[in-house]
Amino acid sequence: MSGAILSTHGLVARYGDFQALYGIDFHIDAGEAVALIGANGAGKSTFLRAVMGLLPVAPDMVRMGGQPVGGTPADRMVQKGVAIVPEGRRLFSGMSVQDNLRVAVDQADRLGRKGGWSLARLHQLFPILKEKARTPVQSLSGGQQQMVSIGRALLCQPRVLLCDEISLGLAPRVIREIYAALPEVRAQGTSVVLVEQDVGLAQSASDRLYCMLEGRVTLTGPSGSVTRDAIGQAYFGGSHAVA
Amino acid sequence: MTMVSMMPPQVRIRRQTASGRIALALFVLAVIGLAAMPWWAKTGTIRMVLELCCYVAVAQMWNMLAGYAGLVSVGQQAFMGASGYALFVLAQTFGVNPFLAVFLSLLVPLVLAVPCYLLLHRLDGPYFAIGTWVVAEVFRLVASNLPLVNAGAGMSLSVMKDYSAFQRNIAMSLFCALLVLVSIGGSYWFLRSRFGLALIAMRDNPVAAASQGVNVRRLRFMIYVAAAVGCGLVGAVYFMAQLRINPPSAFDPMWSNIAIFIVMVGGIASIEGVLIGTLIYFIADRWFGEYGASYFVVLGVMTVLVALYARTGIWGMIAARWDAPWFPIRRHLVLERDKP
Amino acid sequence: MQWLDALVQGILLGGMYAQYALGMALMFGVMKIVNVSHGDLVILLSLVGISLASSFGLGPFTVMAALVPLAVGLGWLLQKAVLNRVVGEDPLPSLIATFGLSLALQNLMLQIWSANSRSLPGGGIESRSIQVGGIHIGLLPVIVLVFAVALTWGLDLMLKRTRFGRALRAAASDVEAASMTGINPRAVYAAATAIAVGILGFAAVFQSLRSTVAPADGGAQLIYAFEAVIIGGMGSVWGAFLGAMVLGVAQAIGFRIDPGFGVLAGHIVFLLVLATRPQGLFGRA
């Protein structure tokens, strides 16, 4: 696991009195795509928020290249090369598509992050964003908003991209369009963590997967070799399985 | 675990505690003691106690607004001045019995609070607070221009000369008892009622409370109006004792300073905090009041420090250590042992 | 002619109020907080400026050159030491903290400068005026208005065109999402407050040139700034500017009706706007 670009070790997180994560061990290597599946409330989003520094966690619980980074504020995590496409997209409403994206360009510039992503390349990936550059983000369709959110994260020039349910609420055609961009992202050497409700989609888009249930990892293995049954058990409970 | 019976566990709702019973007894004694002041206290003492009772009541009204309803006001002096003036007009200009006029004058804050709230509740978060200040300024400027209240020159309550010093002492003592009874006793009753439960739910999470059927808007409105009337009672009693009123004194923003200091230092969202804070303020005022400006600098800095480092105030720190509330408002579920 | 005169004087007065209002609109827009000591900071800066002018014999624009950087520093310090600890969903902590600060500042000024009213000697510009069609237009109020326009324009441009402006708007829209995009909210907040208080450095010089200042005057300036922001419509700097114009005109016309009615007329317009158009005259619904 020493080659892991990002890893967590016994990660616990809580909201006030409510404990949401019970010791998550997780790792992702450079260039890898890892899916995180599980039912609603399993703790997937909480896991991403905890990794991103949006929840208080102990330093040793999250490591990048072996260095403890747990609890580092989100803006400093961006500096270290982690970006997130958050749940609910969280665009800057009132600002145009262009300005939403430029915020990320500005900050990557300020933080000295260099990488292969530019506005021009993003426009190749999602041509609609060029067409709608001056449109306020709140008047875009859901799929277009998701593209802006992904674009904003990519322009942070991440080494690890965390994606929180990027297919949620979108039409199948749009989902295909968005997922079609993933190989391009990975071609840059960027590792991708995909939180996904759609198990089939998660399996086909990832190298490995983790299944979570009630704040714990109940299954982990190569996406190609875990069986439907194993996932079903891990997803809904029963004995812990490692395929 | 020994509980294996299929019967539902015996649960009792505990709403009173030993500390609460002691405090309640002391509270009743205090109210009686206040009412009986003419027989044990000198006029000077009564006047001092009256001031103390005014602080308690104004602070508790502010506490209900900011601590429970989430309405931060810096303009409650609007309603104190309004009913103070109403008292002077009724008693001095129209010859109404001044003691009766105290109660009649409460209609003025009651009526004024309604349109004020309907306007102010449109303001977002902190802007609400500044809005209440504008309202107080409007009241002051109107009073300064209104011939009915003798404009900027103010009024005197010379009809009080018709009563003997002892009669006035009796009235002041009864009003002291009433102020404490209404502000502390009234709030305690209100917080323990079903409104109180809704209020605490609302304070903890307005969105969730609304989804559970708590009518947040109506409850806020009720508290705003009730606090206006409460502050009106303080104003009428205070200015009756002062015998004089003019626009700067009637609408003095200092009352907001005092209320905020008392509640924040004593401990917001608790009746105990108001009592502790009042005591601290009162003692500080007696000892350090003569230092004038530098005293207020210290009060201001203390308020800042409490807001930054000790949001729950003194009572919050005490309550975190000892679970012995004087005015218990929470309900505890007590699991009873199976009895044969 | 009398009413035209009131209109002109009102707009010129609005130039003063706009300088108070810009900073308040900026701080509320970005952090959703109101600094209750906003007006007291104007007075503090004015009194410091007056003392500087009399100790070193400085002219008003030299005082301005000294005060603005001082104000920027003061704003930065205010954010770092106080406001960053109280920013959040709940408006109570920030209100109480700045309320306490206001009380402390007022009384501190009272001790240092006494309760007397003072003003800044302007070397003659405060009394010069030109006559246009029978209306006296003071040179100083025109300068104030020009500065107000320039500050509003500059602030608007900064918000729309610069990297920092985009970061500010992003943080105003969704602070957590902004931090996920690499923005350090605390640094952005500190800069926003530094700018907001920095603008008060200009306002302080003009306020003490135009009229007098005394330690207790801060509350009124806070209220005027607030009314301008609400009348204009929350959330835009030009809204605050136009709101200040409306407030100035209302006060000037009220003053013509009856000198005791001037300030009250401004409050009444504010309440009317709140009753009929709570999003502000120039705000989006």
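Biologist: How many residues do chain A and chain C each put into their contact?
Modeller: This is a predicted model, and in it the contact takes 24 residues from chain A and 15 residues from chain C.

Biologist: Which helices of chain A are in on that?
Modeller: Both α2 (74–80) and α3 (97–110) of chain A supply at least two residues each to the side touching chain C. The largest share of that side, 7 residues, is from α3(A).

Biologist: And what's the mix by class on the chain A side?
Modeller: There are 14 nonpolar, 4 polar and 6 charged residues on the side of chain A that touches chain C.

Biologist: Which pair of chains shares the most contacts?
Modeller: Chains B and C, of the 2 pairs in contact. Chains A and B don't touch, and their nearest C-alpha atoms sit 13 Å apart.

Biologist: Switching to chain C: where does UniProt put the "transmembrane region" feature?
Modeller: The unreviewed UniProt entry lists several spans of chain C, including 6–29 and 259–276. In the model, residues 6–29 of chain C are 100% helix, with end C-alpha atoms 32 Å apart. Residues 259–276 of chain C are 83% helix, and there the ends are 27 Å apart.

Biologist: OK, back to chain A. Is strand β3 buried or exposed?
Modeller: Buried: 6 of the 6 residues in β3 (33–38) of chain A are. A33(A), A35(A) and I37(A) point one way, while V34(A), L36(A) and G38(A) point the other.

Biologist: Why the alternation?
Modeller: In a regular strand, side chains alternate between the two faces of the sheet.

Biologist: Which strands does β3(A) pair with?
Modeller: One is β8(A), parallel, through 5 bridges, with V34(A) partnered by V193(A). Another is β9(A), also parallel over 5 bridges, where L36(A) has Y210(A) as its bridge partner.

Note on methods
Residues are numbered from 1 along each chain as its sequence is written. Chains are lettered from A and ligands numbered from 1 in the order in which they are written. This is a predicted model: local features need pLDDT of at least 70, side-chain atom pairs count only at pLDDT 80 or more; totals for chains, interfaces and linings use all residues. Two residues are in contact if their C-beta atoms, placed from the backbone, lie within 7 Å. Helices (H or I, at least four residues) and strands (E, at least two) are DSSP runs, numbered from the N terminus. Ala, Val, Leu, Ile, Met, Phe, Trp, Tyr, Cys and Pro count as nonpolar, Asp, Glu, Lys and Arg as charged, and the others, Gly among them, as polar. UniProt positions are given in the numbering used here, feature names are shortened, and annotations may be inferred rather than shown by experiment. A residue is buried if 20 or more other C-beta atoms lie within 10 Å of its own, exposed if 12 or fewer, and partly exposed in between; C-beta atoms are placed from the backbone. Two strands pair if DSSP finds at least two bridges between them.
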